[in-house]
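Hi,

Here is the model I said I would pass on. Have a look at it first, and my notes follow underneath.

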Number of protein chains: 2
Amino acid sequence: MSIKQTFNDILDNIDDVIAQSSDLGVSLWQDFLDIHPADIAQFLSDINQDKAKVLFLAIPKKLKFEVFSYLSEYTKKLLLSTVPDTERSALLSSLPLDELTDLLDYLSDEELKNYLKLLHKKDREKVVSLMQFESESAGGIMHTDVLTLMQDLTIEKSINILQRLQPKKELHRVIYVTTRENELVGYINLEDLVLRKPVTKLDSIVKEAELIVNVHEDQEKVAQDMSRYKLTIAPVVSDNNIFLGIIDSDALVGIIEQEAAEDVYKISALTPIKHTYFETPFSKLYYQRVSILAILLLTQTFSALIIKHYEDLLTGFLIIFLTMIASTGGNVSSQTSALVIQGLVSGEISDANRYRFLWRELLMACAIGGTLAIVSFIRVFATNPDPSKLLSIFSISLSIAAIVIVSVMLGSIIPLVLKRFKLDPALSAGPFLATIMDILGILIYCNISRIILGL
Amino acid sequence: MSIKQTFNDILDNIDDVIAQSSDLGVSLWQDFLDIHPADIAQFLSDINQDKAKVLFLAIPKKLKFEVFSYLSEYTKKLLLSTVPDTERSALLSSLPLDELTDLLDYLSDEELKNYLKLLHKKDREKVVSLMQFESESAGGIMHTDVLTLMQDLTIEKSINILQRLQPKKELHRVIYVTTRENELVGYINLEDLVLRKPVTKLDSIVKEAELIVNVHEDQEKVAQDMSRYKLTIAPVVSDNNIFLGIIDSDALVGIIEQEAAEDVYKISALTPIKHTYFETPFSKLYYQRVSILAILLLTQTFSALIIKHYEDLLTGFLIIFLTMIASTGGNVSSQTSALVIQGLVSGEISDANRYRFLWRELLMACAIGGTLAIVSFIRVFATNPDPSKLLSIFSISLSIAAIVIVSVMLGSIIPLVLKRFKLDPALSAGPFLATIMDILGILIYCNISRIILGL
């Protein structure tokens, strides 16, 4: 039976399953407990909250901890509220410190105070100190429960420490080496412990880290640097070179996913939402969406002013193609700025080659502008084969060419300018630039028509 | 002196540096050779190609290999063409097999044949067999030069093998264990070699893999599964469970970056480009961009038909707000579908909760539609405080409310429908849906105005 089938059957017979009152209930529950905790966690997030609470409470303790670790922050918070205080305290303590901090970020001040009380004093102090870091800085995403070794240890002694601490501290293929004062010295590889002689001192084999991340560094910069050096793990230090934690591939993947999602949101006229869709309150999401749309709507009223101003010109034939022409500029600029933004994200477009890029885009603008002018001429003439309208059709085509060239150039320059002023280039993609190009497009169209038609 | 300064000075004095004809040239070259190979590789990709070739040729052999490994495929191909045949063969052989295969994907058939000749027979056979896999399948991205151990080995014997093979085979924190026939059995952790007794047999400590990836699996699915199980490494097997390679965190990061870039492209009316911006030929990029824009332009001519049909209605006051109204639908649908697409990518919106999602969006549609109707009423009335126009202004507001509700609902349903038919939901975001909403918007506006104004 597939996992999906099991889940569906459990939902259909949830009372039986919880009460264990029938053979079916007992056997479904056995199947359920054999499923991977990550899949159970996903299932609990997807279903009705009341059912999720009942099922979670019934899961045996050991599996409950595993399932809990795979839940999203939102579902963690939800299910924590259903368990008794002692279990809540145990569940919280079972999380690695950085995940615990992420979870606490979700709580109201009141809840936060209550939850902090449930932690052991030592954990509480660590959590509070971690919560100081910006959530999008290296400090906000680093893992802290990491095994480190001191430089004056031997391989043999290191293995002893490993045996003692292994289940409590995270172990990675790279083990960082510090001084007695916890300053970062470098790293050794896990396999060095296997391959080197037991008497070897760590400081004789320690290697220098290619990249050392400052705790205040922005996470996007961290991801770019790690990707340039092809690293999947990097140490995080304080301003005084004190080792604080690591960015591992887990965190790296998280950063890249988050930054990619943020870019998609910005390109589509959305403020990046910190929580996921269902976890963001309705009122907050409403406010974010409506405020941007209202700004775009009010900006668009400039087009009304322009159309009103050229009212006499825009009669009959010319008005018919108004929205076609207005939207072309927006489409072209969206397309162009997506290319630039992606190039900047990947680091391919840089200060060193930006003129080469702009030159190439200028050629591209002329090629695309010329082609679309011809396409629109043929299209409009085909449905209006009237020699007396040739001049009007010509002004439509010429407007399209001009609009395309302006849109490509603005679409490529504006992200670079934003970046120069340390603003996020992704802001320029999509609706904002498109709206400006709509308005500029109408202006270009009206002026070219006025000149050509001699009105 | 900063790295950037060194690079600039080298470009300014490139003849001196290559000829080593002055103290400045000698000292700049020394500085250059001390820079991290990843940074040198980035520098060589950014500068003029002729200068890059000259500098690369002058780099000492060992560093040259390191720099080469950090270059993009495009620059690798470029610089390979400048080195003598023997060195070319050595550079090719220095790459891991999967990177070599990626590079060969870039070559013309003619070049490919010549390059394959340069490889040793055994490498050549392996490369040819790897090139059979789809480049976006697990087989196309897996790493193959991975150390595996057989299940009947002891810890002691395993360490011997590790000592012998370590520099040649990639080592990870997870080591996969196979039968003598190379069938996947499970895995041990690298630290097991340190912590377990030398006589322990591997099959007594081997753990079952949480996730086993089939070689034909799509890379996006692989990334989603790995992220659900919080894995940063997974084994790849053939249909007969023969171990073929691994997806490691490197590859995982690559997939996520590539899929994110593809989403950004699709949202912005671009076909995803396989190579990066500068590596895509001008003609190909031109064709991709202009063909989508031409389709959008021709689609927009439907709006011309509608406007022509309602020509008598759209005079004076109503025409002024035409583009404002048309663009609102596009903005709303882009915003909505970006939310859905991101929700589908992250797995948050699924079959299990799609009705909950649609219900929430319907409420959101009414809230946003109502608000924007009020905003537009105030805006238009403020500049046209004429009681005789109240009915027209009312029809503008009502049209905006209707358009917003239709746009939000289409923007949320269409990605779900596309997904249902196994099409990429990202296609629905941005220009395509926006263009349809522009046209629908004009239609809604004309009809509401006609009814309200009784024309």
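A residue is called buried here when its relative accessible area is under 20%, exposed when that is over 50%, and partly exposed in between. By that cut-off B:Glu87 is buried, because its relative accessible area is 17%. Keep in mind that this is a predicted model.

B:Glu87 is a good place to start, since its side chain meets that of B:Lys64 in a salt bridge, 2.7 Å from N to O. The pair ties together distant parts of the chain: B:Lys64 sits in helix 6 (residues 61–70) of chain B and B:Glu87 in helix 8 (residues 85–94) of chain B, 23 residues apart. B:Lys64 is buried too, at a relative accessible area of 3%.

The rule gives 20 salt bridges over all chains. Another one in chain B links B:Arg196 with B:Asp192, where the closest N and O atoms are 3.8 Å apart. Here B:Asp192 is buried at 7% relative accessibility, while B:Arg196 is partly exposed at 38%.

Then there is helix 16 of chain B. B:Asp225 and B:Lys221 form a salt bridge, with 2.9 Å between the closest N and O atoms. Why can these two reach each other along the helix? They are 4 residues apart in helix 16 of chain B, which means a separation of about one helical turn. In general, an α-helix has 3.6 residues a turn, so residues three or four places apart point the same way. B:Asp225 counts as buried, with 9% relative accessibility, and B:Lys221 as partly exposed, with 39%. Shared partners join B:Lys221, B:Asp225, B:Arg228 and A:Asp39 into one salt-bridge network.

That network brings in A:Asp39, one of the buried residues of helix 4 of chain A. Helix 4 (residues 37–46) of chain A is mostly covered, with 8 of its 10 residues buried. Besides A:Asp39, the buried ones include A:Ile40, A:Phe43 and A:Leu44. What do the buried residues of helix 4 of chain A pack against? Within chain A, their partners are helix 1 (3–12), helix 3 (23–34), helix 5 (49–58), helix 6 (61–70) and helix 7 (73–80), and from chain B helix 16 (219–228) joins in.

On to the interface. Chain A and chain B bury about 10400 Å² between them, and 65% of that is on carbon and sulfur atoms. The contact involves 112 residues of chain A and 111 residues of chain B. Across this interface the rule finds 4 salt bridges. B:Asp39 forms a salt bridge with A:Arg228, the closest N and O atoms being 2.9 Å apart. There are also 22 residue pairs in polar contact across the interface, both residues at pLDDT 80 or more. Helix 18 (residues 282–309) of chain A supplies the largest share of chain A's side, 17 residues. By type, the residues on that side split into 58 nonpolar, 32 polar and 22 charged.

Last, a small piece of sheet in chain A. An open sheet of 3 strands runs in the order 4-5-6, with mixed pairing. Strand 4 (213–214) and strand 6 (243–247) of chain A are its edges, each pairing on one side only. Strand 4 pairs with strand 5 (residues 234–237) of chain A in the parallel sense over 2 bridges, and A:Val213 stands opposite A:Val236 in strand 5.

Cheers

Methods: Residues are numbered from 1 along each chain as its sequence is written. Chains are lettered from A and ligands numbered from 1 in the order in which they are written. This is a predicted model: local features need pLDDT of at least 70, side-chain atom pairs count only at pLDDT 80 or more; totals for chains, interfaces and linings use all residues. Side-chain values use heavy atoms; hydrogens and water are left out. Buried means under 20% relative accessible area, exposed over 50%, partly exposed in between (1.4 Å probe, protein chains only). Contact means heavy atoms within 4.5 Å. Buried area is the accessible area (1.4 Å probe) that two parts lose on being put together, summed over both. A polar contact is a pair of N or O atoms within 3.5 Å; within protein, one must be able to donate a hydrogen and the other to accept it, and residues adjacent in sequence count only if both atoms are side-chain atoms. Ala, Val, Leu, Ile, Met, Phe, Trp, Tyr, Cys and Pro count as nonpolar, Asp, Glu, Lys and Arg as charged, and the others, Gly among them, as polar. Two strands pair if DSSP finds at least two bridges between them.
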